[in-house]
Amino acid sequence: MTFENEHLLPGQVGHFFVLLAFVASIVSAISYFTASKTQLENEKQSWIRFARGAFFIQAFSLFAVFCCIYYICSNHYYEYLYVYKHASRELEPKYLLACIWEGQEGSFLLWALWHCALGMVLIFTAKKREAAILSIINTAQFFLILMILGLYIFNVRIGSSPFVLTRNELAGPIFSQPNYLSFIKDGIGLNPLLRNYWMVIHPPILFLGFASTIVPIAFAYSSLVSKDWGGWVKAALPWTLFSACVLGTGIMMGGKWAYESLSFGGYWAWDPVENAAFVPWLILVAGLHCMAIFNSTKNALRASYLFIILTYLFVLYSTFLTRTGILGDTSVHSFTEAGTAMNVLIGIYVVAISLPVFYLFFKNYSKIPSIQKEEDMSSREFWMFIGGLILFLSALFVISITSLPVYNKIFGTNLADPQDREFAYNKVLVLVAVIVGLLTGVSQFLRYKNTDKKYLIKKIAWPLGISVVGTGLLMIFYPVDYTQKGPGFLVAVNLALFASIFSVLANGFYLKSVLKWNLKAGGAAIAHLGFALMIGGMLISSGNKKVISDNSKTGLFIPFAKDPTGRGTENPMENLTLLKDVPTRMGKYTVTYVSDSASNEKDRTFYNLHFQKIDSVSGKVEENFVLSPDAYRMKDNNLTSNPGTKHYLTHDIFTYISTISVPDASKDTTTFKPHTLAIGDSVFYSKGYYVLNGIEKNPDNERFHFSPADTALVADITVFSNNGTSYKAYPALVIQNQELNFINDTVNAENLYLNFSGISNGNKFKINSKENDKLTEFITLKAYYFPYINLVWLGLVIMSVGFVVSLVNRVKAPRIWAYMSIGLVLMFLFYLFLLANN
Amino acid sequence: MKTSSIVILVVIAAAIGALLMYSVDFSTYDTIGSAKEKQGQYVHLIAKLDKSKPIQYDALKDPNYLSFYAVDSLGNSTQVIYRNTKPAELEQSERVVLKGKMEGNVFECNDILLKCPSKYKDDKKQLEKTVTQY
């Protein structure tokens, strides 16, 4: 049977290039491996030339595959399952890229593409290490392309191709008809949670971070095979810095995304997927410090090897956790079950590179030089090493709790997350923050080998003194009042706050008094300063985060159901219901749900909330703004909401919708009750009465604008409710272009609808009213006050800049390059963090 | 003191710390029956919404009170109180993971995770159902 309207060519081309890339990766891996084993210079060079050719073919092919996927997605060819699952017609073009990396296949492809880019740079810069390094990268490519291969070997499908056809994958009666495509009207499209600007930029950065961790381990491998212990460190250091910078930024960018657009009310939730990226970063930074130690003192070489290898192992382990579906119920955003064959593949990939390198490392362990003499207690390298060790141990702590589902799988246990997952992590890591803060503050002033005690005391006296006083003042005037977890934790939080203030100051003093603002050499100090600032910002913003939509304080709370436990009021009631047009008190604000506006995306609505802060004494409006959180309501009632946030320099007001009123499908059956009123007459309704104050002809005010050709009569009505409030309503009667129109008015708070239908004899007016309690529109929202959240983002930017400064300094690039790259990074981050807010 | 011994001490201290943390507060996955025996203990229940019993929720009156009945695969049932808004897809969910404590005959729930068909586009059966709906 031939099917109508299918476009099979792009899929065939795409699949051809997948196969070509796969073969090329094998050829390139083998040739590079042979080259690295060959001693004869001529033969080696010819192998390398051959391997390079294969690598270029592979890179080109992968790029072509990417173009093919982009092409089929942008043309909505639903004959491809990948397009059907991830694209849809209503999706704005900017999300097209996001569709591509929403799925497993696309994200593996993205990862492989970054490997290609990194490989290109290494071909031209790695010199004598090229063969060994590229053989590792090609091995990784072999596995990544295997994941998207989609070939049957012994009836087992190896990898899942993005080019499989919907009709081959899904069963259904429509697929036996030649015109089945005409039944598939639209694709499923991008998950509404992911329809966000950040989905376009966060994954590529994060995957570049993941992909780049292969470079340090490849350098380590090259030294193990060439038995050139130690020589690799200097060459790999800039790459390690690059990797730490990109991965760190990528992770926190995920935090920024979560804060901007996901509704869990924060930037970090210790979700397994977040941890899975954070753990390799911690180990990588530990490795980075060991490498820096080795560079200056020849110590810590073995630890450098160990941490760099472990980093890569943990990057792949986290891939395993997030992509095999093993996390199941514990994570909000992991991929689901990918099938046994895929899981086995991912499992093999996890160990395929790191285990052999580990083997080489242990085999040569005794040959790797190490200094037997103990480091001096007053030396910088000693405390740097301790710092690295602390980071490594915290990484082990985090991953051991995150791996709970893995233990359950292996040992058949049924352990689950602790009651307060975030606190389980926080209570340990807050102590880590104390230690790391103190270490990053003090160790800048230490010197390699040993440090004069007097010099050290003289140098840290000022920052220490100021931070003691500063923390003291902060505790008096702006204390962190996070008492939920008891006094012990509060003390730890304050200690951590002190340590991070100290670290910021100490690093600042170091830049000023030791480096004399020679920032080029101050990459480490800048990065540490940024890191400490970020930690300090996290402590303050999370510690003093306040729920302002506290229902128990508004007085609106009406218990309606008998609570069988009888202790309802103990719990915080974080959701607040706002009726349309009814001003409600929320914290310092008076909030009114004014209107909703549809967006150009299907199912998405913005809810406009008017916030006012009125000074209670003078009655002056101090703050006045509108927030528009939005929500997608899908046809199956699935509600996905995005926050609306008002950004101030010192704090954010953060709101998101948790429930919306469901418009009643049943028609409004009540009818208007007619009344004939003279001016000054009043009419009773169930909850009060209303008075006709007067009739205006063609008024021109903020509410009505009529042209001189129109004839308009507007009734001025005041509604007096039994509860003492009064409202104004202006139903109107307009004759426009010889047509009579009624403009009804609604007092939502009272469910009262008013209509002005005409003039009666004797200066009387026909005013009709009806009441209907089914039409009450409302939203339920949560609102938070986040203080000093900008410190977190500022700290992140400073840290990234510090990494880049170090990086540029290490590669000894010409000055112009240095300025250009720092400028680019700054521009990029500026763009991401400021413009993306809108 | 030798520096290496300090390093070892740090490692040991951290290891003890980690072990202590570990032994403390993990919870478990339970059935309704076993949770009823562990009164007041924090557990994870894997259950289903009992559609034959009413769901009580009125955001207009109290947005922070939801009550419904859950039934597990062994047929045991319990009332669940969740002091938060009603998850929009509760009625559509195929499975719920409820985190909280059993208090008498009521499960006091702190967090609800829903397994909903619409969220899982990698589920082939679900795709087959939806492919013709558009």
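Reader: Helices α18 and α19 of chain A pack against each other. What makes the pair oblique?

Author: This is a predicted model, and in it α18 (residues 453-477) and α19 (residues 486-514) of chain A meet at about 140°, with their axes 8 Å apart. Roughly antiparallel starts over 145 degrees, and roughly perpendicular covers 65 to 115. An angle of about 140° fits neither class, so α18(A) is oblique to α19(A).

Reader: Which hand does the crossing of α18(A) and α19(A) have?

Author: That crossing is right-handed. On the α18(A) side the contact includes A:Ile460, A:Trp462, A:Leu464, A:Gly470 and A:Met475, and on the α19(A) side A:Asn494, A:Phe498, A:Phe502, A:Leu505 and A:Phe509 are among the partners.

Reader: How many of the residues in that contact are nonpolar, polar and charged?

Author: The α18–α19 contact of chain A has 13 nonpolar residues, four polar ones and no charged ones. Gly counts as polar, so A:Gly470 of α18(A) goes with the polar group.

Reader: Now for α11 and α15 of chain A. Why are α11(A) and α15(A) called roughly antiparallel?

Author: Helix α11 (residues 272-297) and helix α15 (residues 380-402) of chain A pack at about 160°, their axes 9 Å apart. The cut-off for roughly antiparallel is over 145 degrees, and about 160° passes that cut-off, so the label applies to α11(A) and α15(A). Their crossing is left-handed. By class, 18 nonpolar, eight polar and one charged residues make up the contact.

Reader: On to A:Thr659. How do you know whether A:Thr659 is buried or exposed?

Author: You count C-beta neighbours. A:Thr659 has 23 of them inside 10 Å, and 20 or more is what buried takes, so A:Thr659 counts as buried.

Reader: Where does A:Thr659 sit, and which residues is A:Thr659 in contact with, leaving aside neighbours within four places in sequence?

Author: A:Thr659 lies in strand β13 (residues 651-660) of chain A. Its contacts beyond four places in sequence are A:Ile779 and A:Thr780 in chain A, plus B:Ala59, B:Pro63, B:Thr85 and B:Lys86 in chain B. A:Lys782 is 123 residues away in sequence, with a C-alpha to C-alpha distance of 9.7 Å.

Reader: And the nonpolar core: which residues have the most contacts inside the largest one?

Author: The largest core holds 234 residues, and A:Ile217, A:Ala220, A:Leu282, A:Ile283 and A:Ile309 have the most contacts inside it. Outside its own stretch of four places either way, A:Ile217 touches A:Ile136, A:Ile308, A:Ile309, A:Tyr312 and A:Val357. There is also a second, separate core of 21 residues, with B:Ile32, B:Val43, B:Val96 and B:Ile112 among its members.

Reader: What makes up chain A and chain B as a whole, in helices and strands?

Author: Chain A has 22 helices and 24 strands, and its C-alpha trace spans about 115 × 85 × 60 Å along the principal axes. Of its 838 residues, 47% are buried. Chain B has three helices and seven strands, in the order α-β-α-β-β-β-β-β-β-α from the N terminus. In chain B, 32% of the 134 residues count as buried.

Reader: What share of the contacts with a separation of 6 or more comes from residues 24 or more positions apart?

Author: For chain A that share is 70%, and for chain B it is 45%.

Definitions and conventions
Residues are numbered from 1 along each chain as its sequence is written. Chains are lettered from A and ligands numbered from 1 in the order in which they are written. This is a predicted model: local features need pLDDT of at least 70, side-chain atom pairs count only at pLDDT 80 or more; totals for chains, interfaces and linings use all residues. A nonpolar core is a set of buried Ala, Val, Leu, Ile, Met, Phe, Trp, Tyr and Cys residues joined through C-beta atoms within 7 Å. A residue is buried if 20 or more other C-beta atoms lie within 10 Å of its own, exposed if 12 or fewer, and partly exposed in between; C-beta atoms are placed from the backbone. Two residues are in contact if their C-beta atoms, placed from the backbone, lie within 7 Å. Helices (H or I, at least four residues) and strands (E, at least two) are DSSP runs, numbered from the N terminus. Axes are lines fitted to C-alpha atoms, for helices over the stretch in contact, and angles run from 0 to 180 degrees between N-to-C directions. Angles under 35 degrees count as roughly parallel, over 145 as roughly antiparallel, 65 to 115 as roughly perpendicular and the rest as oblique. A crossing is left-handed if the near helix is turned anticlockwise from the far one by less than a right angle, and right-handed if clockwise.
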